[in-house]
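Subject: Structure handover and notes

Hello,

Here is the structure I said I would pass on. My notes on it follow below the entry.

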Amino acid sequence: MRLIARYSVIWIFLSLCLNLPQLNADESIFEENWLGIYSGDQRIGYSHSSIRKNINGFTKATEITKLKVKLLGKNQEVETEGRYNLDNYEIKSFSFFMSAESLNIRAEGRREGQSLLITMETISGKTDIKVPIDRVLILPSLFPKWLIDNNSPLNMKRAYEVSLFDPVAILMGVKIEDLVSNHRIEGKETLRTPHLAGGAYAYRVSSSFQGAKYTTWITPNGQIVKQIIPPGLVAVRESKDDILRGNYYSYDITGDTSIKPTKAKLAKARALKHLRVRINGIELSEKLNIRDGYRQFLQGRIVNIKSTDLKEITNYQLPYKGEKFSKYLKPAHLIQSNDDKIVSKTKNVLNGETDSLKAASKINKWIYENLKKEGAASIPSAKDTLHTKAGDCNEHAALFAAMARAAGIPTKIILGTVYVDGSFRYHAWNEVFIGKWVAVDSMFGQIPADATHIKLIEGDLIKGSQQIMGIVGKINFEIL
């Protein structure tokens, strides 16, 4: 149930960047900058950026983030590091590394014409990615400098738009056009923190990026002194010595982002067949998939969830031959249903079974029994998950989707919440079309999934996770 873990890391890439002096033709300068990252009054990590510049502009940059987090009750450290060769603000080439526990993801990329050519290496092997690129992507650590250099004086009434280079999002398959960020100057104020003697006069900048909103305080010479980062974290400018010698606490992502419902608790949640909930705190827009007409029914702000009765299913013989849901049979960037090992394992698990309901049940049972339930701040790939046989809800949902599609069963990935131990937690599961759409949760070994699974978004882990970030901290449920 670590739906938003990697996005906590993504937001923290936004590091401070100091104003740089004028240079002579043969000079080069180097600056490094540090932000402490806090949950409440507890420091959970830091972000460090460094930049090099000559008379022609920026030439090199490094962005490093380290976090200590708790996922499914397990403490672990997550580290990301990006190194970039630049032509002023434009990225020419880069290398990127992400690690957590035994997880290691490496990527190298270069700009060639209108394409970004990337080789990503994970535990299951190498993947070549070609990303069409039609614009300049600004590094988050250089964004304050870009804002000051290209828009001075800043206009309080104008909206500023820029595309940010987010390596995690790109490796997950986010399209370049979805990396646009929007910014507005909300005012000027003197900001005081324990590490700013006398305070700092700064612009307060309100921003939105990949579905989430954050606030940054930037000085007139391009320094970030404070930033509020989803989901409820704060980064503040600190000294290198303070950051490196400090103690760090684990940030409980699952617990701190869970939704405490009002008025009622649910007994025997895993067996619940029907649930009525009032949704508060968010706009019930068309971008959400709360109303699906077969499992969830929306009336005003009240959603009725009914777990499917399998006795009502008129199942078919595999593979699915219809056109209506054929798009849910196709492989995707992280759902590699055409991979030889996934196809082979699926055939082995089915052992000749062609009944759609029985086949979906066999795949669900195999994943539930063979995948170790543990949190990992990873990029959820079906290929990697089959190799490691471990993961949380994202990995379970990715592998189930790949195997079910390989079997010829139309399969969706669903993002929403599930009731566990008195609260609703962000979660990912699947739906399969086996005569009707049926919710399946291989993390819990359920087919159909119980009625406490409240669908918010359907589609894929990538775009869905971006939309979820705009909901975290706002949505609330009243159990009726």
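Why can helix 9 be described as largely enclosed by the rest of the structure? Of its 14 residues, 13 are buried, so the helix is largely enclosed. Please keep in mind throughout that this is a predicted model.

Helix 9

Helix 9 runs over residues 393–406. From its first C-alpha to its last the helix reaches 20 Å, close to the 20 Å expected at 1.5 Å a residue. At its start, a side-chain oxygen of Asp-392 comes to within 3.1 Å of the backbone nitrogen of Asn-394. After the helix comes Gly-408, which has a positive phi, near 95°.

Thr-411 and strand 21

Thr-411 belongs to strand 21, residues 411–420. Its relative accessible area is 0%, so Thr-411 is buried. Leaving aside neighbours within four places in sequence, its contacts include Phe-400, Ala-401, Ala-404 and Arg-405, and helix 9 spans residues 393–406. Also in contact with Thr-411 are Tyr-328, Asn-430, Glu-431, Val-432 and Trp-437. Thr-411 and Lys-327 are 84 residues apart in sequence, yet their C-alpha atoms are 9.1 Å apart in space.

Lys-455 and strand 24

Is Lys-455, in strand 24, buried or exposed? The strand covers residues 454–459, and Lys-455 has 1% relative accessibility; the cut-off for buried is under 20%, so this lysine counts as buried. Its side chain makes a polar contact of 2.9 Å with the side chain of Asp-292. A polar contact of 3.2 Å links the side chain of Lys-455 to that of Tyr-294. Not counting residues up to four places away in sequence, Lys-455 touches Asp-292 and Tyr-294 along with Asn-289, Ile-290, Gln-296, Ile-414, Leu-415, Trp-429 and Glu-431. Glu-431 is also among the residues in contact with Thr-411.

Thr-216 and Lys-126

Thr-216 sits in strand 12, residues 212–218, and is buried, with a relative accessible area of 4%. The side chains of Thr-216 and Gln-227 are joined by a polar contact of 2.9 Å. Beyond neighbours within four places in sequence, Thr-216 is in contact with Gln-227, Tyr-203, Arg-204, Val-205, Ile-224 and Lys-226.

Lys-126, in strand 8 (residues 125–132), has 60% relative accessibility and counts as exposed. With neighbours within four places in sequence left aside, its contacts are Thr-119, Met-120 and Glu-121. The C-alpha atoms of Lys-126 and Ala-107 are separated by 9.2 Å, with these positions 19 residues apart along the chain counted as their separation.

Pockets

Which residues lie nearest the centre of the largest pocket? They are Ala-332, His-333, Gly-459, Asp-460 and Ile-462, out of 21 lining residues. The volume of this pocket is about 570 Å³. Strand 24 and helix 10 (461–469) each supply at least two residues of the lining. Helix 10 gives the most, with four residues. By class, the lining of the largest pocket has nine nonpolar, four polar and eight charged residues.

The second largest pocket has a volume of about 480 Å³. Its lining consists of 15 residues, and those closest to the centre are Gly-211, Ser-285, Lys-287, Gln-467 and Gly-470. Strand 11 (200–209) and strand 12 each supply at least two of the lining residues; strand 12 is also where Thr-216 lies. The lining of the second largest pocket divides into five nonpolar, six polar and four charged residues.

Cavities

How many cavities of 30 Å³ or more are there? The count comes to four. The largest cavity has a volume of about 60 Å³. Its lining is made up of Glu-90, Ile-91, Arg-111, Leu-116, Ile-133, Arg-135, Val-136, Leu-137 and Phe-165. Six of these residues are nonpolar and three are charged, with no polar residue in the lining. The charged ones are Glu-90, Arg-111 and Arg-135.

Regards

Conventions:
Residues numbered from 1 in each chain as written. Predicted model: local features only at pLDDT ≥ 70, side-chain atom pairs only at ≥ 80, totals over all residues. Heavy atoms only, no water. Expected span 1.5 Å × (residues − 1). Buried < 20%, exposed > 50% of the residue type's maximum accessible area, 1.4 Å probe, protein only. Polar contact = N/O pair within 3.5 Å; in protein donor to acceptor, adjacent residues only side chain to side chain. 1 Å grid on protein atoms, 1.4 Å probe; cavity = no way out; pocket = protein on both sides within 12 Å on 5 of 7 lines; lining within 4 Å. Points joined across faces, edges and corners; volume = space filled by probe spheres on them. Contact = heavy atoms within 4.5 Å.
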